Amino acid sequence: MSEPLPNCIDLENTFFGLAIIHPEIILSTDISSSDFFLHKNRDLWEILVKLARGNTSPDFAVITNEFAENEYFGEYGGAAWLNELTSYGTYSNTNNVDYLISEIKEQAYRRKLINYAGEITRNAF
């Protein structure tokens, strides 16, 4: 039985909730889309960064409209999913951003190590 890859989905959700509520944190972080465990979170981060770099306030309506162009938006949960993420941010504050980023990046690093170990093992045969 294989173990699940390291992740911290609840912390990712909290981070996104904060980023949606406090968009000023989007460009002030050193996190990349590949650091997120879920593909939908990777896609969302790319959209948030694109909007922030374009000086567009990433409010709920703008994010929903931008994300609606993604073919998987409905599969991801659509506007209800974005609304759920926003609710995560209401229970936290921006003082937690550094902690959230640290934990998300730590889990991403662990996943990369596991992937590298798998490659080394496959190449050994």
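This briefing covers the fold, helix packing, salt bridges and selected residues of one protein chain.

The model is predicted. The protein chain has 6 helices and 0 strands. Its elements run α-α-α-α-α-α from the N terminus on. Two salt bridges and two helix crossings are set out below, followed by a buried phenylalanine and a loop asparagine.

**Overall build**

- The C-alpha trace spans about 50 × 35 × 30 Å along its principal axes.
- The chain has 125 residues, and buried residues make up 38% of them.
- Take the contacts between residues at least 6 apart in sequence: 67% of these join residues at least 24 apart.

**H1 against H5**

- Helix H1 covers residues 9-21, and helix H5 covers residues 78-90.
- The axes of H1 and H5 come within 6 Å and cross at roughly 90°.
- H1 is therefore roughly perpendicular to H5, as angles of 65 to 115 degrees are classed that way.
- On the H1 side, the contact is made by Asp10, Asn13, Thr14, Phe16, Gly17, Leu18, Ile20 and Ile21.
- On the H5 side, Leu82, Leu85, Thr86, Tyr88, Gly89 and Thr90 take part.
- By class, this contact has 7 nonpolar, 6 polar and 1 charged residues.

**H3 against H5**

- Helix H3 spans residues 60-67, and its axis comes within 10 Å of the H5 axis.
- The two axes cross at roughly 140°.
- That angle makes H3 oblique to H5, because only angles over 145 degrees count as roughly antiparallel.
- The crossing of H3 past H5 is right-handed.
- H3 makes the contact through Phe60, Ile63, Thr64 and Phe67.
- H5 contributes Ala79, Trp81, Leu82, Asn83 and Thr86.
- The H3 contact with H5 has 6 nonpolar, 3 polar and no charged residues.
- Leu82 and Thr86 of H5 are listed in the contact with H3 and also in the contact with H1.

**Salt bridges**

- The count comes to 2 salt bridges.
- Side chains of opposite charge can pair when their charged atoms come close.
- Lys105 and Asp35 meet through their side chains in a salt bridge, at 3.2 Å from N to O.
- This pair links distant parts of the chain, 70 residues apart.
- Lys105 sits in helix H6 (residues 97-124), while Asp35 lies in the loop between H1 and H2.
- Lys105 is partly exposed, with a relative accessible area of 29%.
- Asp35 counts as buried, because its relative accessibility is 5% and the cut-off is under 20%.
- Lys50 forms a salt bridge with Glu66, and the closest N and O atoms are 2.5 Å apart.
- This pair also links distant parts of the chain: Lys50 in helix H2 and Glu66 in helix H3, 16 residues apart.
- Lys50 is exposed, with a relative accessible area of 51%.
- Glu66 counts as buried at 18% relative accessibility.

**Glu66 surroundings**

- Neighbours within four places in sequence are left aside here.
- Glu66 is then in contact with Ile47, Lys50 and Leu51.
- Lys50 is thus both a contact of Glu66 and its salt-bridge partner, under the limit of 4 Å from nitrogen to carboxyl oxygen.

**Phe15**

- Phe15 lies in helix H1.
- At 0% relative accessibility, Phe15 counts as buried.
- Phe15 and Leu100 are 85 residues apart in sequence.
- In space, their C-alpha atoms are 6.3 Å apart.
- Neighbours within four places in sequence aside, Phe15 is in contact with Ile25, Thr29, Ile31, Phe36, Trp45, Val97, Leu100, Ile101 and Ile104.

**Asn55**

- Asn55 lies in the loop between helix H2 (39-53) and H3.
- Its phi is near 55°, a positive value in a residue other than glycine.
- Most residues other than glycine have a negative phi.
- Asn55 counts as exposed, because its relative accessibility is 75% and the cut-off is over 50%.

Technical notes:
Residues numbered from 1 in each chain as written. Predicted model: local features only at pLDDT ≥ 70, side-chain atom pairs only at ≥ 80, totals over all residues. Heavy atoms only, no water. Axes fitted to C-alpha atoms, helices over the stretch in contact; angles between N-to-C directions. Helix = DSSP H or I, 4+ residues; strand = E, 2+ residues; numbered from the N terminus. Parallel < 35°, antiparallel > 145°, perpendicular 65-115°, else oblique. Left-handed = near helix turned anticlockwise from the far one by under 90°. Contact = heavy atoms within 4.5 Å. Nonpolar A, V, L, I, M, F, W, Y, C, P; charged D, E, K, R; others polar. Buried < 20%, exposed > 50% of the residue type's maximum accessible area, 1.4 Å probe, protein only.
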